[in-house]
Amino acid sequence: MTDLFSLKQASAVDESAPLAWRMRPRTLEELYGQSHILAPGAPLRRSIDSDRLHSFVLYGPPGTGKTSIARVIAHRSKSHFEYMKAVSAGVADIRKLAADAADRQKYYQQRTILFLDEIHRFNKAQQDVLLPFVEDGALILIGATTENPLYELNNALLSRCRLYILEPLDESSIISIIKNALRDKERGLGKYQITIEDEAFPLLVRASQGDARVALNLLDTMYNSYYGDEGLTIDAAMLQRVSGKLLLKYDRSGDRHFDTISAFIKSIRGSDPDAALYWMAAMIEAGEDPKYIARRLVVHAAEDIGLADPMALVIATSAVDALNFVGLPEAAIPLAEATIYLATAPKSNSAKEAIHAALNLVRQQNKITVPPHIADASHSKAGPLLGKGKGYLYPPSFGGYVEQDYLPPELKGTKLYKPMNNGYEQAIAEFQQRLRERYAEQKNNRGGVKN
């Protein structure tokens with residue numbers, strides 16, 4: 001097997017190898033995209049050019065250049081370079097590599113760079129073993145991960161590494177990579193008569209989803225499947241047959257999952273139905289559990305719309321019922337209806353704030369005592385023997401409202417619910433104001449009402 005990080009460039013290209021393998025970048029200039037870290041003068045570029053490397057983690061989707069960056073460093077740096085795949089390495093491998101690195105530094109004054117692929121596969125114990133060797137400089141660590149290192153790496157290890165975020169390749173980068181592969185006669189397909197029609201490029205870009213490896217694999221597949229004596233002209237129909245249905249990169253337990261649902265909820269909260277529908281469609285198309293989407297709609301209806309539009313919760317729970325009754329794909333319509341309704345509804349988080357305030361208040365109390373006048377007086381002896389119900393004023397007897405205390409005496413006057421001046425809550429606020437005015441009038445007419 002070819003050593004990905006061998007310091008010796010192969011003298012001949014193995015044409016049986018996949019195109020994506022043959023077109024691996026050999027220099028930083030051949031790396032497309034990631035100009036924010038690799039352009040001349042950018043932080044990582046400066047450290048590579050000067051061969052004064054520090055420990056860092058490369059975080060980004062597949063096919064964005066993480067391994068290619070490490071490979072370029074392996075060929076350029078004077079440091080000894082070691083490659084390790086986290087999924088197949090153990091604690092003993094780490095200790096041996098670190099011991100060799102210490103000897104190399106002691107006897108040959110040569111640093112050791114460890115490229116740890118899929119570093120998120122290391123469990124916390126393995127990361128703890130790695131930490132002291134990174135900390136004392138025995139190893140310069142280059143980690144590569146597709147998973148969010150904020151959640152997958154120990155804080156101690158992450159704090160000793162710089163984090164470089166790689167973005168999915170944009171349209172111009174993908175097109176440049178494809179055209180370069182079609183021109184390159186040594187490693188690519190330049191010696192073959194292959195052309196791509198203009199209308200096929202957007203489909204190729206969309207199918208690759210910012211992944212250079214996917215783009216080159218598609219081109220390789222079309223060459224292997226359709227190239228003939230008269231060459232090959234790749235059109236949109238051909239590309240559609242090869243690429244098939246777009247499979248969105250989406251992990252139900254990873255960043256894409258949480259980022260997409262966050263975008264969905266924030267679009268609803270921001271009253272943008274178009275964006276909310278887009279993110280919902282992205283989740284459905286990627287295979288997200290529709291019940292998860294429905295649950296988030298219910299939560300949002302109560303949390304961020306609340307009493308500004310009480311129908312929002314009714315619509316959301318109705319969408320849940322529709323989903324359970326008919327299932328996908330038809331249930332996408334009631335889910336969309338609920339999404340549009342919630343996005344265009346007035347917003348208020350007063351119910352959420354009120355219950356949080358109430359819970360905090362309860363947790364602070366040394367004891368909770370129900371005032372006797374509003375305690376249960378259903379038993380015939382509860383009043384005479386326990387004093388329960390005595391002094392209670394029945395509101396319907398006073399025209400629907402009468403001022404009396406419902407909170408424990410020590411909490412008298414506490415306000416937990418504060419209606420916002422938005423949607424239906426305007427009517428709630430106005431009703432409360434009328435009650436206060438009626439109480440003031442009762443006091444004036446009766447000299448005050450006492451319990």
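Which residue caps the N-terminal end of α14? In this predicted model, the cap is Asp272, which places a side-chain oxygen 3.2 Å from the backbone nitrogen of Asp274. The helix that begins here, α14, runs over residues 273-285. Its 13 residues reach 18 Å from the first C-alpha to the last, close to the 18 Å expected at 1.5 Å a residue. Beyond the helix comes Gly287, whose phi is positive, near 95°.

The two sides of α14 are worth a look. Ala276, Met280, Ala282 and Met283 are buried. These four residues cover an arc of only 155° around the axis, and therefore they lie on the same side of α14. Asp274 and Tyr278, in contrast, are exposed on the other side of the helix. Asp274 thus appears twice in this picture, as an exposed residue of α14 and as the residue whose backbone nitrogen faces the capping oxygen of Asp272.

A different kind of surface feature involves α7 and β5. Here Leu150, Tyr151, Leu163 and Ile165 form a nonpolar patch on the surface, with about 420 Å² of accessible area together. Helix α7 (149-152) and strand β5 (162-165) each supply at least two residues of this patch. Tyr151, found in helix α7, has a relative accessible area of 64% and is classed as exposed because this value is over the 50% cut-off.

Further along the chain, Arg295 lies in helix α15, which spans residues 290-305. With a relative accessible area of 47%, Arg295 is partly exposed. Its C-alpha atom is separated by 9.7 Å from that of Ala319, a residue 24 positions away along the chain.

The backbone also offers some details to look for in the loops. Most residues other than glycine have a negative phi, and most peptide bonds are trans. Gln34 has a positive phi, near 60°. This residue sits in the loop between α1 (19-22) and α2 (35-38). Gln34 has a relative accessible area of 6%, so it counts as buried, being under the 20% cut-off. Asp51 likewise has a positive phi, near 55°, and is found in the loop between α3 (43-50) and β1 (56-59). As for the peptide bonds, a cis bond joins Leu328 and Pro329, with omega at about 10°. Pro329 belongs to the loop between α16 (311-326) and α17 (332-344).

Conventions. Residues are numbered from 1 along each chain as its sequence is written. This is a predicted model: local features need pLDDT of at least 70, side-chain atom pairs count only at pLDDT 80 or more; totals for chains, interfaces and linings use all residues. Side-chain values use heavy atoms; hydrogens and water are left out. Patches are made of residues with over 30% relative accessible area and no salt bridge: like charges are joined within 9 Å, nonpolar side chains (Val, Leu, Ile, Met, Phe, Trp, Tyr) within 5 Å. Accessible areas come from the Shrake-Rupley method with a 1.4 Å probe; for residues, only the protein chains shown count as cover. A salt bridge is a side-chain nitrogen of Lys or Arg within 4 Å of a carboxyl oxygen of Asp or Glu. Buried means under 20% relative accessible area, exposed over 50%, partly exposed in between (1.4 Å probe, protein chains only). The expected span of a helix is 1.5 Å times one less than its number of residues. The arc is that of the directions from the helix axis to the C-beta atoms. A polar contact is a pair of N or O atoms within 3.5 Å; within protein, one must be able to donate a hydrogen and the other to accept it, and residues adjacent in sequence count only if both atoms are side-chain atoms.
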